Amino acid sequence: MLSKQEQLKKIEEELKAHKDLPLMKGCTQLVFGEGNSDAEVLFIGEAPGFWEDLKGRPFVGNAGKLLDKLIESIGLKREEVYITNVVKCRPPENRDPLPNEIEAYAPYLNHQIEIIRPKIVVTLGRYSLNKFLPNARISEVHGRPVRVGDIIVTPMYHPAAALRSGAVMEALKEDFLVIREVLKNPAMVSEPSRPTKEKEIDPNQLTLF
Ligand code: URA
């Protein structure tokens with residue numbers, strides 16, 4: 001049985017071998033993700049930028065420096081968490097990732113989540129938010145943890161947005177405190193409400209009446 005670290009390495013090798021994925025030809029190198037394979041907190045950003053592409057590591061530019069400080073502000077170290085992105089190769093000129101690019105890299109991100117099995121996924125920015133909550137708007141849901149299947153997702157603004165706006169910076173700092181609360185008491189995050197629409201009721205249940 002492979003360790004979590006070995007399983008992650010195997011997925012990374014598979015990704016490297018998959019040379020016809022979108023963006024692969026134009027980027028310097030893949031940025032798979034890094035950190036503790038047993039992390040309780042998994043951060044998911046958007047895509048590698050200039051510095052990430054150069055160094056092959058996620059969040060190592062200005063947004064990354066801010067992310068490091070925010071992680072430390074809640075008493076954690078970068079090495080204790082895991083950090084990755086929705087898309088694993090830098091889009092040209094740092095443009096937003098396209099739907100086909102997000103889709104192409106999704107199986108690798110899904111594997112990372114399955115292997116790490118974090119207590120909390122923190123989505124940074126709208127692309128990772130919309131992976132879990134396709135119709136949610138970040139301005140409405142940031143800092144509000146929700147259960148999506150068996151994962152607690154806590155949406156947050158992207159650190160790069162916080163570097164551009166004082167109001168977003170304040171919101172992001174405050175939202176980070178929620179991570180600590182959820183880690184202490186995951187039960188504070190309620191289950192999603194039960195389905196009420198008739199078509200969603202299990203038909204076998206109806207035979208009881
Ligand atoms: N922005 C991201 O979304 N990811 C990175 O790795 C760096 C900047």
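Two residues are in contact here when heavy atoms of theirs come within 4.5 Å of each other. With that in hand, a good place to look in this predicted model is Glu 101, a residue of helix H4. Leaving aside residues up to four places away in sequence, Glu 101 touches Pro 22, Leu 23, Val 87, Arg 95 and Asp 96. Its relative accessible area is 4%, and since buried means under 20%, Glu 101 counts as buried.

Glu 101 has company on the inside of H4. The buried residues of this helix also include Ala 104, Tyr 105, Ala 106, Tyr 108 and Leu 109, and further along come Gln 112, Ile 113, Ile 115 and Ile 116. What lies over them? The cover includes helix H1, along with strand E2 (41-45), strand E3 (82-85), helix H5 (126-132) and strand E6 (151-156).

Next, the helix itself. H4 is made of 18 residues, and the distance from its first C-alpha to its last is 25 Å. That is close to the 26 Å expected at 1.5 Å a residue. Even so, H4 has a kink of about 45°, found at Ala 106. The proline Pro 107 comes shortly after the kink. Ala 106 is also one of the buried residues of H4. Once H4 is over, the chain carries on with Arg 117, which has a positive phi, near 45°.

H1 deserves a closer look as a partner of H4. Two packed helices are described by the angle between their axes and the distance between the axes. For H1 (residues 4-17) and H4 (residues 99-116), the axes come within 10 Å and cross at roughly 175°. Angles over 145° count as roughly antiparallel, so H1 is roughly antiparallel to H4. On the H1 side, the contact is made by Lys 4, Gln 7, Leu 8, Ile 11, Glu 14 and Leu 15. On the H4 side, Tyr 105, Tyr 108, His 111, Gln 112, Ile 115 and Ile 116 take part. Sorted by class, this contact has 7 nonpolar, 3 polar and 2 charged residues. Several of the H4 residues involved have already come up as buried, among them Tyr 105, Tyr 108 and Gln 112.

Now for the stretch leading into H4. The loop between E3 and H4 holds Glu 93, and Asn 94 sits in that loop too. Neither residue is a glycine, yet phi is positive in both: near 55° for Glu 93 and near 60° for Asn 94. Are they buried or exposed? Glu 93 has a relative accessible area of 73%, so it is exposed. Asn 94, with a relative accessible area of 42%, is partly exposed.

Leu 98 is also in the loop between E3 and H4. Its relative accessibility is 38%, which means that Leu 98 counts as partly exposed. Along the chain, Leu 98 and Pro 22 are 76 residues apart, but their C-alpha atoms are separated by 9.7 Å. Pro 22 has appeared before, as one of the residues touched by Glu 101.

A similar pairing turns up elsewhere in the model. Ala 160 belongs to helix H7 (residues 159-164), and 8.5 Å separates its C-alpha atom from that of Gly 64. In sequence, the two are 96 residues apart. Ala 160 is partly exposed, at 23% relative accessibility.

How values were computed: Residues are numbered from 1 along each chain as its sequence is written. This is a predicted model: local features need pLDDT of at least 70, side-chain atom pairs count only at pLDDT 80 or more; totals for chains, interfaces and linings use all residues. Side-chain values use heavy atoms; hydrogens and water are left out. Axes are lines fitted to C-alpha atoms, for helices over the stretch in contact, and angles run from 0 to 180 degrees between N-to-C directions. Helices (H or I, at least four residues) and strands (E, at least two) are DSSP runs, numbered from the N terminus. Angles under 35 degrees count as roughly parallel, over 145 as roughly antiparallel, 65 to 115 as roughly perpendicular and the rest as oblique. Ala, Val, Leu, Ile, Met, Phe, Trp, Tyr, Cys and Pro count as nonpolar, Asp, Glu, Lys and Arg as charged, and the others, Gly among them, as polar. The expected span of a helix is 1.5 Å times one less than its number of residues. The bend at a residue is the angle between axes fitted to the seven residues ending there and the seven starting there. Buried means under 20% relative accessible area, exposed over 50%, partly exposed in between (1.4 Å probe, protein chains only).
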